[in-house]
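Reader: I am new to this structure and would like to go through it step by step. Could you take my questions in turn and reason each answer through?

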Amino acid sequence: MKISILTLFPNMFDGIFTESILKRAIENERIEIELINFRDYTLDPHNKVDDAPFGGGAGMVLMCQPIFDAVDAIRTPESKVILLTPAGKVYNQKTAYELRNEKHLIIICGHYEGFDDRIRTIADLELSIGDYVLTGGEVPAMVLVDSITRLLPGVIREESYTEDSFTANTLDYPVYTHPRNFRGMEVPEILLSGDHKKIEEYRREEAIKRTIEVRPDLLK
Ligand code: ADE
């Protein structure tokens with residue numbers, strides 16, 4: 001999969017692609033990441049990409065021209081264009097599973113007060129990563145790339161994500177490792193029993209218990 005990220009701040013992505021699983025996914029050519037600064041596409045003599053909103057109001061608004069031209073330059077019939085905005089549909093694991101089948105994602109990161117509403121016409125999908133407002137789409141883009149990449153073949157073992165929270169409509173069951181007793185807190189006896197059927201039942205029950213307590217909405 002190829003992912004093109006349109007941003008005014010490509011350096012913000014330095015850390016995430018040079019460590020751990022994403023770094024390996026890039027090295028092993030499971031994903032190709034292209035960072036595009038859409039300021040490079042502005043036709044404004046002063047390199048402007050934003051302007052004051054018509055009708056007045058606080059902050060600056062991203063202009064159509066640089067973003068339209070950047071998307072025109074890289075879009076192919078196989079591209080899916082995603083606009084990141086707090087006004088988008090809320091992103092979840094189901095959408096991550098759908099997006100992992102795409103060949104080319106173009107992710108547009110907004111910044112400042114917002115973007116000219118006409119930019120929405122070039123998007124196939126508008127996504128929000130949650131009901132809060134961030135300074136821009138860069139962190140949401142990282143969230144998308146990370147959550148999609150780990151679902152691509154050969155990135156992590158499939159068992160690692162098929163039991164994940166949200167794939168079975170429950171949160172994850174609790175897990176423990178050595179030592180058996182830490183500051184008086186014991187590992188549940190059943191996990192030491194070697195009885196795999198019982199362990200599986202226990203984990204299922206704990207997952208449901210935890211979900212009822214913290215996220216009852218998932219069970220509906
Ligand atoms: N830009 C600012 N806040 C955002 C959010 N919650 N999701 C996606 N893009 C955003």
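Reader: In which loop is the place of arginine 183?

Author: In this predicted model, arginine 183 has a positive phi near 50° although it is a residue other than glycine. At 75% relative accessibility, the residue counts as exposed, since exposed means over 50%. The place of arginine 183 is in the loop between β9 and β10 (185-186).

Reader: Is asparagine 47 buried, exposed or partly exposed?

Author: Asparagine 47 lies in the loop between β2 and β3 (50-51), and it has a positive phi of about 60° although it is not a glycine. Its relative accessible area is 43%, and a residue counts as buried under 20% and as exposed over 50%. The value falls in between, so asparagine 47 is partly exposed.

Reader: Which residue does a cis peptide bond join to histidine 178?

Author: The peptide bond in question has an omega of about 0°. The partner of histidine 178 in this bond is found in the loop between α5 (158-162) and β9 (181-182), and that partner is proline 179.

Reader: In what order do the five strands of the open sheet stand?

Author: The pairing in this sheet is parallel; β1 (residues 2-7) and β2 pair over six bridges, β1 and β6 over five bridges, and β5 and β6 over six bridges. At the edges stand β2 (32-37) and β8 (125-128), each with a single partner strand, so one side of each is left without a neighbour in the sheet. The twist averages 30° from one strand to the next. The order is β2-β1-β6-β5-β8.

Reader: Which residue in β6 does lysine 2 stand opposite?

Author: Lysine 2 belongs to β1, which covers residues 2-7, and in β2 its bridge partner is glutamate 32. Strand β1 also pairs in the parallel sense with β6, where lysine 2 stands opposite histidine 104.

Reader: How many of the six residues of β6 are buried?

Author: His104, Ile106 and Ile108 point one way from β6, and Leu105, Ile107 and Cys109 point the other way. Residues on both of these sides are buried, and one of them, cysteine 109, has leucine 84 standing opposite. The strand is mostly covered, and the number of its residues that are buried is six.

Reader: At about what angle to β6 does helix α4 run?

Author: Helix α4 (residues 138-149) lies across β1, β2, β5 (79-90), β6 (104-109) and β8. With angles running from 0 to 180 degrees between N-to-C directions, the angle of α4 to β6 is about 160°.

Reader: Why are the buried residues of α6 said to be on the same side, and what arc do they cover?

Author: Helix α6 (residues 196-214) has 19 residues that should span 27 Å at 1.5 Å a residue, and its end C-alpha atoms are 27 Å apart, which agrees. In α6, Ile199, Tyr202, Glu206, Ala207 and Thr211 are buried. On the other side of α6, Lys197, Glu205 and Ile212 are exposed. The buried residues are put on the same side of α6 because around the axis they cover an arc of only 165°.

Reader: How many Å separate the centres of domain 1 and domain 2?

Author: The domain assignment of the chain gives domain 1 as 2-149 and domain 2 as 165-219. Taken over C-alpha atoms, the separation of the two centres is 37 Å.

How values were computed:
Residues numbered from 1 in each chain as written. Predicted model: local features only at pLDDT ≥ 70, side-chain atom pairs only at ≥ 80, totals over all residues. Heavy atoms only, no water. Pairing = 2+ DSSP bridges. Helix = DSSP H or I, 4+ residues; strand = E, 2+ residues; numbered from the N terminus. Contact = heavy atoms within 4.5 Å. Expected span 1.5 Å × (residues − 1). Buried < 20%, exposed > 50% of the residue type's maximum accessible area, 1.4 Å probe, protein only. Arc of directions from axis to C-beta. Domains from an automatic or database assignment.
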